[in-house]
Amino acid sequence: MKSDDTRHLTRLNREHFVSGWKDNIQLLETVVSTQEEAKKLAEKGAPEGTAIRAEEQTGGRGRMGRKWHSPAGKGIWMSVVLRPDLPLSLTPQLTLLAGVAVCRAIREVTGVPAGIKWPNDLLAGGRKICGILLESSLREGGLHYAIAGIGISANLTEEDYPDYLQGVGTSLLIEGGGIPVDRTRLTEAVLTELEYLYTLYIEQGFKPVKELWEAMSVTLGRQISFSTPQGRCEGSAIGLDENGGLLLQDASGKIISILSGEIEMI
């Protein structure tokens, strides 16, 4: 941690936080994936906070290689370059941080009561409105850079969703009662929140982010199931550990920390 002056970041009104990242957005028309475009820039030395946003992705992807539906002019399809001095084992915390930043921005700009499902999905009305994909690059055994991919379904209608996403995905337009989302304003709010929380995280560690995540979670307090090499286990989600793993308490009272994978809320 740094000097005592940085402690005030926890009390800093975000309205007084001057963001530089929101002014460093490159807007493209159609790309295969903003993740790939951001990686190209990162390899060329692009500074931290460089953001790529596209009107459309033809090969957008989520975690575990899943396709991310990214129709033209309907959402915020964006990737941001990060260069934290972190051990690779702590990079999952960046996924949680990004989730908090996006959730705060959505609530502020649209009023939609979004919540976070561990580890990387944002839900509204029980359906998915946003996914976050954190990918890392290593150099000489350490973290070279990370790319935070953010996909927000902003102005999609029910008709915009293919059959396989019907009843699964939703948008801010749908959940907000048909009010169109100003995508530029929301993009800037996301980047401002992301830079603010990232600054807080670098200066003060994971604790402030952890507390914010837990307050916005739709996973905690729920019964969940999870696949392990030993089989399926079930229990109650009770919090995050200090590394960002999800704490699950099973029927016997044993507490398990889930560091990665897919959970199902029962």
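These are my notebook entries on pockets, one helix and a few single residues in a predicted model.

**Entry 1. The largest pocket**

I started with the open space. I looked up the volume of the largest pocket and found about 740 Å³. Its lining is made up of 38 residues. I noted the ones that lie nearest the centre of the pocket: Arg66, Trp68, Asp121, Lys128 and Gly131.

Next I asked which helices and strands supply at least two residues each to this lining. They are helix H1 (34–43) and the strands S3 (75–82), S5 (121–124), S6 (127–139) and S7 (142–153). S6 gives the largest share, with five residues. By residue class, I recorded 16 polar, 13 nonpolar and nine charged residues in the lining of this pocket.

**Entry 2. The cavity and the cis peptide bond**

I then turned to enclosed space. The count is one cavity of 30 Å³ or more, and the largest cavity holds about 30 Å³. Its lining consists of Lys117, Trp118, Pro119, Asn120, Asp121, Glu262 and Ile263. I sorted these residues into three nonpolar, three charged and one polar. Asp121 appears among the residues nearest the centre of the largest pocket, and Asp121 also lines the cavity.

I checked the peptide bond between Trp118 and Pro119, and it is cis, with omega at about 0°. For background, most peptide bonds are trans. Pro119 sits in the loop that runs between strand S4 (115–117) and S5.

**Entry 3. Helix H1**

Which residues of H1 are buried? I found Thr34, Gln35, Ala38 and Ala42. Viewed down the helix axis, these buried residues fall within an arc of 100°, so they line one face of H1. The general point is that an α-helix has 3.6 residues a turn, so residues three or four places apart point the same way.

I followed the buried residues of H1 to what they pack against, which is strand S1 (25–31), strand S2 (51–57), S3, S6 and S7. At the start of H1, a side-chain oxygen of Ser33 comes to within 3.1 Å of the backbone nitrogen of Gln35. After the helix I found Gly45, with a positive phi near 95°.

**Entry 4. Thr50**

Thr50 is in the loop between H1 and S2. Is Thr50 buried or exposed? Its relative accessibility is 4%, and a residue under 20% is called buried, so Thr50 counts as buried.

I looked for what its side chain reaches and found the backbone oxygen of Pro47 at 2.7 Å. Beyond the residues up to four places away in sequence, Thr50 touches Asn24, Gln26, Leu41, Ser79, Val80 and Val81. I also took the C-alpha separation of Thr50 and Ile147: 9.8 Å, for residues 97 apart along the chain.

**Entry 5. His144**

His144 belongs to strand S7. I put its relative accessible area at 18%, so His144 is buried, given that the cut-off is under 20%. Its side chain makes a polar contact with the side chain of Arg139, at 3.5 Å. Leaving out residues up to four places away in sequence, I listed Glu43, Arg83, Ser137, Leu138 and Arg139 as the residues His144 touches.

**Entry 6. Thr170**

Thr170 lies in the loop between S7 and helix H3 (172–175). At 0% relative accessibility, I entered Thr170 as buried. What does the side chain of Thr170 make a polar contact with? It is the side chain of Arg127, at 3.5 Å.

I then listed the contacts of Thr170, without its neighbours within four places in sequence: Ala124, Arg127, Lys128, Ile129, Ser153, Tyr161 and Glu175. Lys128, one of these contacts, is also one of the residues nearest the centre of the largest pocket.

**Entry 7. Gly125**

My last residue was Gly125, in the loop between S5 and S6. With a relative accessible area of 71%, Gly125 is exposed. I also looked up its separation from Glu203, which is 78 residues away in sequence. From C-alpha to C-alpha, Gly125 and Glu203 are 35 Å apart.

Technical notes. Residues are numbered from 1 along each chain as its sequence is written. This is a predicted model: local features need pLDDT of at least 70, side-chain atom pairs count only at pLDDT 80 or more; totals for chains, interfaces and linings use all residues. Side-chain values use heavy atoms; hydrogens and water are left out. On a 1 Å grid over the protein atoms alone, a cavity is a set of points where a 1.4 Å probe fits but cannot get out, and a pocket is an open set with protein on both sides within 12 Å along at least five of seven lines; lining residues have an atom within 4 Å of a point. Grid points are joined across faces, edges and corners, and a volume is the space filled by probe spheres set on the points. Helices (H or I, at least four residues) and strands (E, at least two) are DSSP runs, numbered from the N terminus. Ala, Val, Leu, Ile, Met, Phe, Trp, Tyr, Cys and Pro count as nonpolar, Asp, Glu, Lys and Arg as charged, and the others, Gly among them, as polar. Buried means under 20% relative accessible area, exposed over 50%, partly exposed in between (1.4 Å probe, protein chains only). The arc is that of the directions from the helix axis to the C-beta atoms. Contact means heavy atoms within 4.5 Å. A polar contact is a pair of N or O atoms within 3.5 Å; within protein, one must be able to donate a hydrogen and the other to accept it, and residues adjacent in sequence count only if both atoms are side-chain atoms.
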